[in-house]
Amino acid sequence: MTKSSQSTISRRTMLRGLGVGLALPMLDAMTPAVAAAEASTQPQRLIAIQTNQGILPKYFFPEGEGHDYKASPYLQVLDNFRERMTVFSGVSHPEVDGGHEAEQCFLTAAPHPGMGGFRNSISVDQFAAERIGHLTRFPSLALSVGTKRSLSYTQSGVQIPGENSPSRLFRKLFVQGSKQEVEAQVAKLRHGRSILDSVGERARQLGSRVGGSDRAKLDQFYTGVRDLEKRLHKSEQWEQQPKTKVEMAPPRDFDDPGALIERTRVMYDLAHIAMETDSTRLISIFVYQNDAKPNIPGVDTGTHPLTHHGNQPEKLEQLRRIEEAQFRELSSLLGNLDERSVSGGSLLDTTSVIYGTALGNGNSHANNNLPVLIAGGGFRHAQHLSLGGNSDYPLPNLFVSVLQRLGLEADKFATSTGTMRGLEII
């Protein structure tokens, strides 16, 4: 059949005919990636955390490089984990600008978020969830503190709503639904599989109407449909299995606008328990700060106004108190992970914890030289990697290193140029 004689068919023809929208995962290296993850005797995990108002550079970045760096005030809070973490300087997302607009790109690295018509891309946690999420009851968790927004974005760049209610999250993770509720959810999943059966059949029918190259594309599409169907089937199986019971008392929600640290603490607690019970292996946490005065001694102003400090000592001191309190909560999270033993070490050894911000300087709204660190995950740590030269080093390289640590055969993510230089696996 010549090109001119082929019927012109929209790639979404069969989807519109069925009244369903379908976003498929990327298929490159999917099979070997999943096989590698399933073959792993020690599951690897990821917790990625962003605070949205920046981190004061002079209290974060250490003096010196390599293993002999002098810890900054904030890093001193994490001193118990110096041998288990790596601090970066001179890193940023290439072409990600726009001041606060960049916070939506912390895990995606999609360029120019402040421009009109901007469309985000997939976040690193969802990239991993498409490949290994079926291994746990919850493919991933998008958590938030002080907002319903999240750091997690789908393949099509749509933000996944953040779960900001500790009590609701606890019920989702650990409270078994009634028999009727479970049956209703299973029925929904089976309906989804039925739709996919129809989609797959239409793909086969279209194969007789197109040329060879289009048939190859349809074959790939059909493979994706079958893969998604298998994941829905896996979800059915999870629904019919009892949820894990935990000793933690159901947490309460906080109505107080100033409960920044309290909300953060309970979300971190739930995150580490979700990892400990293997309910999920992929978590993002967006710690959102606004104009509300946090419940911290010596602080009488909200975080956002304090970031516009103009180098006034009294404002800098209050902002330092807020950020130090956040680093203490991070230290508690790392400690909780480290206390849980798994095969070959602690839960921290198998969990890569990324902590940072998309604002290099909240006062000037700069998006370069981002304060970022990674702890755990089985990397060779105890170092400060100063990677900036004439221009910042690509932070997405860190995501490639973490994806590979998760068992995925990924050599690129977003604007990466490879793996993170100097960050090696033990």
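This tour moves through the aromatic rings of the structure and then on to an enclosed space. Keep in mind throughout that the model on your screen is predicted.

Begin with the aromatic side chains, among which the structure holds nine pairs. For one of these pairs, select Phe170 and Phe174, whose ring centres lie 5.5 Å apart with their planes at 65 degrees; because planes over 60 degrees apart count as edge-to-face, this pair is edge-to-face. If you now show the backbone, you will find that both residues belong to helix α6, which covers residues 166-174, and that they are four residues apart, about one turn of the helix. Are these two rings buried or exposed? Phe170 has a relative accessibility of 7% and so counts as buried, and Phe174, at 8%, counts as buried too.

Next, select Tyr59, Phe60, Phe61, Tyr74, Phe327 and Tyr355 together, and you will have a cluster that is linked by ring pairs.

Then turn to rings that have a charged partner. Select Tyr69 and Arg82, where the arginine lies over the face of the ring at 3.8 Å from the ring centre. After that, select Phe127 and Arg131, where the charged end of Arg131 sits over the ring of Phe127, 3.8 Å from its centre.

Finish with the enclosed space: a search of the whole structure finds one cavity of 30 Å³ or more, and the largest cavity has a volume of about 30 Å³. To see what surrounds the largest cavity, select His93, Val96, Ala102, Cys105, Phe106, Ala358, Asn367 and Leu370, which line it. This lining is made up of six nonpolar residues and two polar ones, with no charged residues.

Conventions. Residues are numbered from 1 along each chain as its sequence is written. This is a predicted model: local features need pLDDT of at least 70, side-chain atom pairs count only at pLDDT 80 or more; totals for chains, interfaces and linings use all residues. Side-chain values use heavy atoms; hydrogens and water are left out. Rings of Phe, Tyr and Trp (its six-membered ring) pair if their centres lie within 6.5 Å; planes under 30 degrees apart count as stacked, over 60 as edge-to-face and the rest as tilted. Helices (H or I, at least four residues) and strands (E, at least two) are DSSP runs, numbered from the N terminus. Buried means under 20% relative accessible area, exposed over 50%, partly exposed in between (1.4 Å probe, protein chains only). A charge sits over a ring if NZ of Lys or CZ of Arg is within 6 Å of the ring centre and within 35 degrees of the ring normal. On a 1 Å grid over the protein atoms alone, a cavity is a set of points where a 1.4 Å probe fits but cannot get out, and a pocket is an open set with protein on both sides within 12 Å along at least five of seven lines; lining residues have an atom within 4 Å of a point. Grid points are joined across faces, edges and corners, and a volume is the space filled by probe spheres set on the points. Ala, Val, Leu, Ile, Met, Phe, Trp, Tyr, Cys and Pro count as nonpolar, Asp, Glu, Lys and Arg as charged, and the others, Gly among them, as polar.
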